[in-house]
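Open the model in your viewer and keep the sequence panel beside it. The stops below are given in the order in which to select them.

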Amino acid sequence: MNSFDNTINRRNTGSVKWDFMEQKLGLEGSDLLPMWVSDYDFQAPQQVLNRLSQDISHGIFGYSERQDDYYRAVIDWFKNQHNTEIEKEWITTIHGVLPGIAMALQMLTQVNDQIVIQSPGYGSFRKIIELNDRRVLNNPLIESDGHYQLDFAHLEDCFASGAKALIFCNPHNPTGRAWNEQEITQVAELCKKHDVWLISDEIWSDLTLAPNMFHSTLKLPSSLTDKLIVATAASKTFGLSSLRISNFIIPNLQLKDQFVRRLDAHGMDCFNSLSMSAATTAYQECETWLTDLKHYLQDNIETLNGFIKAELPHIRFTKPEATYLAWLDCRAMKISDSELEQRLIGAGIVPSMGCAFGEEGSGFIRLNLGCPEKVLSDALVRLKAALGADK
């Protein structure tokens, strides 16, 4: 049996996905199957568990600093996985991608400045923009038969209207697009033309699925990286979401020093030793685990795809190029988001509702496929009960 087939009980562990549906979503019921929060129901790689066990056995948890092996692990990972050369001097770390993006917005923009996002898009981008008293400027993606493209003409209009920054999700959540090299270059060229900061969230980069390729903005020519900040982490890749350490990679060293000073100003100059150990070990020793995981995720995607075609042909599913997220188009049912949600909850399955990703997500749902096959099989039974044509 593949280790990813192990069904591990996550209830009563403080899991947001499994234990906090009532608090976060207002949903009650121990029989609900959560498919919403984007973390795995898989154990982390054994090498990581061994390293953490070793660190805990040592028993001393004093102040810690990032060692050279952490930086070397990140550099080698980018080179070996993504054919991307980065320098140690470009790298700093912070306790999560979203805190880092929020800090970058505070540093680079002013109250009431417009920040561009692309919808349907990760709802927390909108949240951190608005809670930092900036204004969201939406650049909707263009959808055609389930395939999403960037609307460059509208993006340039956004920039020309005075937007100060773009939060660019590469690869994209929730649609699963892995933007190609030409698309990324065109985005960067527009940012340069209009003097816009490019903040590229590349946390899903390692989960680009064959035969698709990931193209990092860090591979752009140096003429396009003066106003670039790239956020990455091992957390999505290796199931380490609560061991919070994220890489902020900034080729412009003056900008990077400015970002580090801002971290210091907030007292963020102390680092979690367990987080650093886990990420370092994952990057250094767990490439094979990731390869096996991606095969498993692709099997889950194919299982869902076959099920949709056979049992729910009125639901449209375009297989993601990256991520383990399924973006299902339920608009053919011609029901409201509220009714769609009630049908799903009534059948005992909890997705992320598409409308939470912006109005362009209305009529869609997002399912997390980072789960054992047995859990997915259960989810499909519930999905059919909720979305079957006889409903």
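Two rings of Phe, Tyr or Trp (for Trp, the six-membered ring) count as a pair if their centres lie within 6.5 Å; planes under 30 degrees apart are stacked, those over 60 are edge-to-face, and the rest are tilted. In this predicted model, that rule gives 18 aromatic pairs.

**Aromatic pairs**

Start with Tyr 122 and Phe 125. Their ring centres are 5.2 Å apart and the planes stand at 80 degrees, over the 60 that the rule asks for, so this pair is edge-to-face. Switch on a surface and look at how each ring is covered. Phe 125 has a relative accessible area of 4%, under the 20% limit, and is therefore buried. Tyr 122, at 29%, falls between the limits of 20% and 50%, so it counts as partly exposed.

Next select Phe 238 and Tyr 283. This pair is also edge-to-face, with 6.3 Å from centre to centre and 85 degrees between the planes. Where in the chain do Phe 238 and Tyr 283 sit? Phe 238 belongs to helix 9 (residues 235–238) and Tyr 283 to helix 11 (residues 273–285); they are 45 residues apart, and the pair links distant parts of the chain. Phe 238 and Tyr 283 are both buried.

Keep those two selected and add Phe 4, Tyr 40, Phe 42, Trp 77, Trp 204, Trp 289, Tyr 296 and Tyr 324. Together with Phe 238 and Tyr 283, these residues are linked by ring pairs into a cluster.

For a ring with a charge over it, go to Trp 197. Lys 227 lies over the face of this ring, 4.1 Å from its centre.

**Nonpolar cores**

Return to Phe 238, which is among the residues with the most contacts inside the largest nonpolar core. That core holds 95 residues, and the others in the group with the most contacts are Ile 86, Ile 101, Phe 159, Leu 166, Val 187 and Leu 293. Which helix gives the most to this core? Colour helix 5 (residues 97–108), which contributes nine residues.

Centre the view on Ile 86 and show its surroundings. Setting aside neighbours within four places in sequence, the contacts of Ile 86 are Val 74, Ile 75, Phe 78, Ile 91, Leu 218 and Ile 249.

Another core, of 31 residues, lies apart from the largest one; Leu 33, Met 35, Ile 308 and Leu 312 are among its members.

**A four-stranded sheet**

Change to a cartoon and find strands 11, 12, 15 and 14. In that order they form an open sheet with antiparallel pairing. Strand 11 (316–317) and strand 14 (352–353) each have a single partner strand, so they stand at the edges with one side lacking a neighbour in the sheet.

Now select strand 12 (residues 325–329) and strand 15 (residues 364–368), which run antiparallel and are joined by five bridges. Ala 326 has Leu 367 as its bridge partner in strand 15, and Leu 328 has Ile 365. Between strand 14 and strand 15 there are two bridges, again antiparallel. Here Ser 352 stands opposite Arg 366.

Are the residues of strand 15 buried or exposed? Five of its five residues are buried. Show their side chains: Phe 364, Arg 366 and Asn 368 point one way, while Ile 365 and Leu 367 point the other.

**Salt bridges**

The whole structure has 22 salt bridges. Select Lys 17 and Asp 39, whose side chains meet at 3.2 Å, N to O. Lys 17 is in helix 1 (residues 16–19), and Asp 39 is in the loop between strand 1 (33–34) and helix 3 (46–58), 22 residues apart. Both Lys 17 and Asp 39 are buried.

Move to Lys 319 and Glu 302, which form a salt bridge at 2.8 Å, N to O. Lys 319 lies in the loop between strand 11 and strand 12, while Glu 302 is in helix 12 (residues 287–311). Both ends are partly exposed: Lys 319 has a relative accessible area of 40%, and Glu 302 has 41%.

Finish at Arg 331 and Asp 329, a salt bridge whose closest N and O atoms are 2.8 Å apart. Arg 331 is partly exposed at 36%, whereas Asp 329 is buried at 7%. Add Glu 143, Asp 145 and Arg 316 to the selection: with Arg 331 and Asp 329 they are linked in a network of salt bridges.

Note on methods:
Residues numbered from 1 in each chain as written. Predicted model: local features only at pLDDT ≥ 70, side-chain atom pairs only at ≥ 80, totals over all residues. Heavy atoms only, no water. Buried < 20%, exposed > 50% of the residue type's maximum accessible area, 1.4 Å probe, protein only. Lys NZ or Arg CZ within 6 Å of the ring centre and 35° of its normal. Pairing = 2+ DSSP bridges. Core = buried A, V, L, I, M, F, W, Y, C linked by side-chain atoms within 4.5 Å. Contact = heavy atoms within 4.5 Å. Salt bridge = Lys/Arg side-chain N within 4 Å of Asp/Glu carboxyl O.
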